[in-house]
Amino acid sequence: MSLNLPQILSPKNSQRIMNAIFVCSGLITVLILIFIIGYILIMGLPVVNLEFIFSNPIDSGRAGGIFPMIISSIYVTLIAGIVSTPLGVGAAVYLVEYAGESKITKIIRFGAETLASIPSIVYGLFGLAFFVVSMGLGWSILSGGLVLAIMALPTIFQVSEVTISSIPSSYREGSYGLGATKWQTIYRVVLPAAIPGIVTGIILGMTRAISEAAAVMFAVGSALSVPISMFDPGRPLPLHLYVLATEGISLENAYGTAAVLVILVLAVTIIANFLIDKYQRQIMGR
């Protein structure tokens, strides 16, 4: 016997309520983002000027600028991107185009999910034990970049896998029908169509890497000078911000460093999204 429960809300009213809830959720998320970024910029921009950006720190960062920290951040991020991008994209191509569903693919996905969930401080300790001590690289830009590469790898892999697997099978079938080999199909058809999503994954991985202090504090060192080579120690912006804030050296310069870091991340994200949109318009013939 079925129970006829009274309908409190009509389908139209329930639809309106859920739409309002979803809109409010989106607005609250955007407002939180604006509040955080706005607060940092309001507190930090008065400190930021050309002298602050292009001069060296004085008295452990109590005065002076952050030029060596900017260079260190660029170096470790480039190393992380160069190492993690081919590994992440290559693993995604293997899983989608070659491996199929098997125990190996399940193990690889499980490993990526596990890597993505590990706290950043654990990466830092691993980098200290393996890259700095066992491999003899010492506290250096290279050690810090390799640690960040491991951090960015699961993000790049997961986003690339989803993007490549979402490419319609008709693209591959059309390429095979024209006589192309599997590798030619992947290189000339699948990867070009998946570039926007792959680049998005790289951006997500690199922005996480460039903003991590705990992951590099045990591997990159804490030098206040400009690193000349990748074997020199450095102090990326997040680590410099952490030192300034936690040791009470200069809260004013800490806000300025945070503002520069936020601006760099926003600039990279905006430029990359612009280039992705331009690329999509070109391949669509617009």
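**Close-up 1. What the wall of the largest pocket is made of, by residue class.** In this predicted model, the lining of the largest pocket splits into 9 nonpolar and 4 polar residues, with no charged ones. The space inside comes to about 270 Å³. Thirteen is the full count of lining residues, written 13 in the tally, and those closest to the pocket centre are Thr77, Leu78, Met206, Ile210 and Val268.

**Close-up 2. The helices around the largest pocket.** Which elements give two or more residues to this lining? They are α3, α8 (182–210) and α10 (251–283). Helix α3 supplies the largest share, at 7 residues.

**Close-up 3. The cavity.** How many cavities of 30 Å³ or more does the structure hold? Just 1 turns up at that cut-off, and the space in the largest cavity is about 30 Å³. Its lining is made up of Ser73, Val76, Thr77, Leu148, Ala209, Ile210, Glu212, Pro236 and Pro238. Here α3 and α8 are the elements that contribute two or more residues.

**Close-up 4. Residue classes around the cavity, and two residues to look for in both linings.** Sorted by class, the cavity lining has 6 nonpolar, 2 polar and 1 charged residues. As for where they come from, α3 gives the largest share, with 3 residues. Keep an eye on Thr77 and Ile210: both line the cavity, and both are also listed among the residues closest to the centre of the largest pocket.

**Close-up 5. Helix α3 packed against helix α4.** Two packed helices are described by the angle between their axes and the distance between the axes. For α3 (residues 67–99) and α4 (residues 103–117), the axes come within 11 Å and cross at roughly 160 degrees. An angle over 145 degrees counts as roughly antiparallel, so that is how α3 and α4 run relative to each other. As for the hand of the crossing, α3 and α4 make a left-handed one.

**Close-up 6. Who touches whom between α3 and α4.** Zooming in on the contact, α3 brings Tyr94, Leu95 and Ala99, while α4 answers with Ile104, Thr105, Ile108 and Arg109. Broken down by class, this contact has 5 nonpolar, 1 polar and 1 charged residues.

Key
Residues numbered from 1 in each chain as written. Predicted model: local features only at pLDDT ≥ 70, side-chain atom pairs only at ≥ 80, totals over all residues. Heavy atoms only, no water. Axes fitted to C-alpha atoms, helices over the stretch in contact; angles between N-to-C directions. Helix = DSSP H or I, 4+ residues; strand = E, 2+ residues; numbered from the N terminus. Parallel < 35°, antiparallel > 145°, perpendicular 65-115°, else oblique. Left-handed = near helix turned anticlockwise from the far one by under 90°. Contact = heavy atoms within 4.5 Å. Nonpolar A, V, L, I, M, F, W, Y, C, P; charged D, E, K, R; others polar. 1 Å grid on protein atoms, 1.4 Å probe; cavity = no way out; pocket = protein on both sides within 12 Å on 5 of 7 lines; lining within 4 Å. Points joined across faces, edges and corners; volume = space filled by probe spheres on them.
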